[in-house]
Amino acid sequence: MSTISRKPNKRNRNRSIPAFSSMCLSPTSFKNLLWWLLLLGILTIVMFLGLGSFYTETVIAAVEQQKTATAEILYRSQTKLADESGKVWQVVLFKQVYPGQAQTLNLRLVGFPGSAELIHPQPLKISTATGKVLSAADVFLDEAPAPTIGQYDFQNILPQLPQEPLTLSIPLPGNRSININVPQRVVQEWHSVMSAES
């Protein structure tokens with residue numbers, strides 16, 4: 001009886017099972033992959049933070065005119081500005097005109113939650129870029145509607161202010177103050193509120 005001997009198939013013999021290590025990433029390519037993933041993660045975080053929380057000084061303000069049921073005409077400029085510590089304040093300059101009466105021109109500062117509590121009555125200090133310093137009287141002699149609200153009489157102050165950047169200094173207890181920088185375009189808008197005619 002003849003034995004059948006099989007010759008090893010050259011095709012099968014040369015095809016070896018790949019080693020486990022060759023199926024995995026080499027240490028250098030694994031490092032490269034990690035660096036790319038880390039870079040992608042950092043870029044994603046920067047994009048989301050950049051869209052939401054980095055502070056950029058954008059001033060959006062508009063002069064509005066409103067008529068009320070009491071025949072009062074109200075002109076106002078409203079914007080949001082940050083103080084030197086990054087806290088945001090709503091800054092509203094408004095002129096009230098009643099028929100047959102003198103008009104009033106006030107600046108109201110409203111701190112958002114987390115802002116310092118203001119003391120009353122304390123004048124607001126206004127400093128111009130050229131070094132001129134003026135003082136506006138506090139309208140709230142006893143108590144403000146909320147602890148983070150201040151309102152100041154600008155009737156005689158605004159005509160003296162040049163149309164240039166300003167710094168508002170709100171007094172705090174202990175000879176401290178909150179400083180808010182007001183851009184030139186907002187000051188120009190204040191002047192347009194002052195000169196608005198009904």
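The following questions and answers walk through a predicted model of one protein chain.

Visitor: In what order do the helices and strands run from the N terminus on?

Guide: The protein chain holds four helices and nine strands. Of its 198 residues, 32% count as buried. From the N terminus on, the order is α-α-α-β-β-β-β-β-β-β-β-β-α.

Visitor: What share of the contacts with a separation of 6 or more joins residues 24 or more positions apart?

Guide: Take Leu 172 and Ala 116 as one example: they are 56 residues apart in sequence and 8.1 Å apart in space, C-alpha to C-alpha. Gly 150 and Leu 107 are another pair, 43 residues apart in sequence and 8.2 Å apart in space, again C-alpha to C-alpha. For the protein chain, the share at 24 or more positions is 51%.

Visitor: Which strands are the edge strands of the open sheet of four?

Guide: The sheet has antiparallel pairing and the order β6-β5-β8-β9. Neighbouring strands are turned by 25° against each other on average, direction ignored. An edge strand pairs on one side only, and the two that do so are β6 (133–136) and β9 (176–182).

Visitor: Which residue of β6 is the bridge partner of Leu 124?

Guide: Four bridges join β5 to β6, and the two strands run antiparallel. They form a hairpin with four residues between the strands, where Gly 131 takes a positive phi near 100°. The partner of Leu 124 in β6 is Ala 136.

Visitor: Which residue of β8 is the bridge partner of Lys 125?

Guide: β5 is also joined to β8 by four bridges, antiparallel. Four of the five residues of β5 are buried, and the strand is mostly covered. The partner of Lys 125 in β8 is Ser 169.

Visitor: Which residue of β9 stands opposite Thr 167?

Guide: Strand β8 covers residues 166–172. Seven antiparallel bridges join β8 to β9. Opposite Thr 167 in β9 stands Asn 181.

Visitor: At about what angle to β9 does helix α4 run?

Guide: Helix α4 spans residues 184–195. The helix lies across both β8 and β9. Its angle to β9 is about 85°.

Visitor: Which residues have the most contacts inside the largest nonpolar core?

Guide: Nonpolar side chains tend to be buried together in soluble globular proteins. Here the largest nonpolar core has 32 residues. β2, β3, β4, β5, β6, β8, β9 and α4 each supply at least two of them. The residues with the most contacts inside the core are Leu 124, Phe 154 and Trp 190.

Visitor: Which residues does Trp 190 touch, not counting those up to four places away in sequence?

Guide: Trp 190 is among the residues with the most contacts inside the largest core. Its list of partners includes a serine, Ser 77. In full, the residues touched are Ser 77, Val 91, Leu 93, Leu 107, Phe 154, Leu 158, Leu 166, Leu 168 and Val 182.

Visitor: Which side chain does a polar contact of 2.6 Å join to that of Ser 77?

Guide: Ser 77 lies in strand β2 (residues 73–82). With a relative accessible area of 0%, Ser 77 is buried. The side chain at the other end of the 2.6 Å contact is that of Glu 189.

Visitor: Is Leu 172 buried or exposed?

Guide: Leu 172 is found in strand β8. Its neighbours in contact include Ala 116, Leu 118, Ile 119 and Ile 178. Its relative accessibility is 9%. The cut-off is under 20%, so Leu 172 counts as buried.

Visitor: Why is β4 largely enclosed by the rest of the structure?

Guide: β4 is joined to β3 by eight antiparallel bridges. Five antiparallel bridges join β4 to β7. β4 is largely enclosed because the number of its eight residues that are buried is six.

Visitor: Which residue of β7 is the bridge partner of Arg 108?

Guide: Strand β7 covers residues 149–153, with Gly 150 among them. Gly 150 is buried at 0% relative accessibility, and Arg 108 is one of the residues that Gly 150 touches. The bridge partner of Arg 108 in β7 is Gln 151.

Terms used. Residues are numbered from 1 along each chain as its sequence is written. This is a predicted model: local features need pLDDT of at least 70, side-chain atom pairs count only at pLDDT 80 or more; totals for chains, interfaces and linings use all residues. Side-chain values use heavy atoms; hydrogens and water are left out. Two strands pair if DSSP finds at least two bridges between them. Axes are lines fitted to C-alpha atoms, for helices over the stretch in contact, and angles run from 0 to 180 degrees between N-to-C directions. Contact means heavy atoms within 4.5 Å. Buried means under 20% relative accessible area, exposed over 50%, partly exposed in between (1.4 Å probe, protein chains only). A polar contact is a pair of N or O atoms within 3.5 Å; within protein, one must be able to donate a hydrogen and the other to accept it, and residues adjacent in sequence count only if both atoms are side-chain atoms. A nonpolar core is a set of buried Ala, Val, Leu, Ile, Met, Phe, Trp, Tyr and Cys residues joined through side-chain atoms within 4.5 Å.
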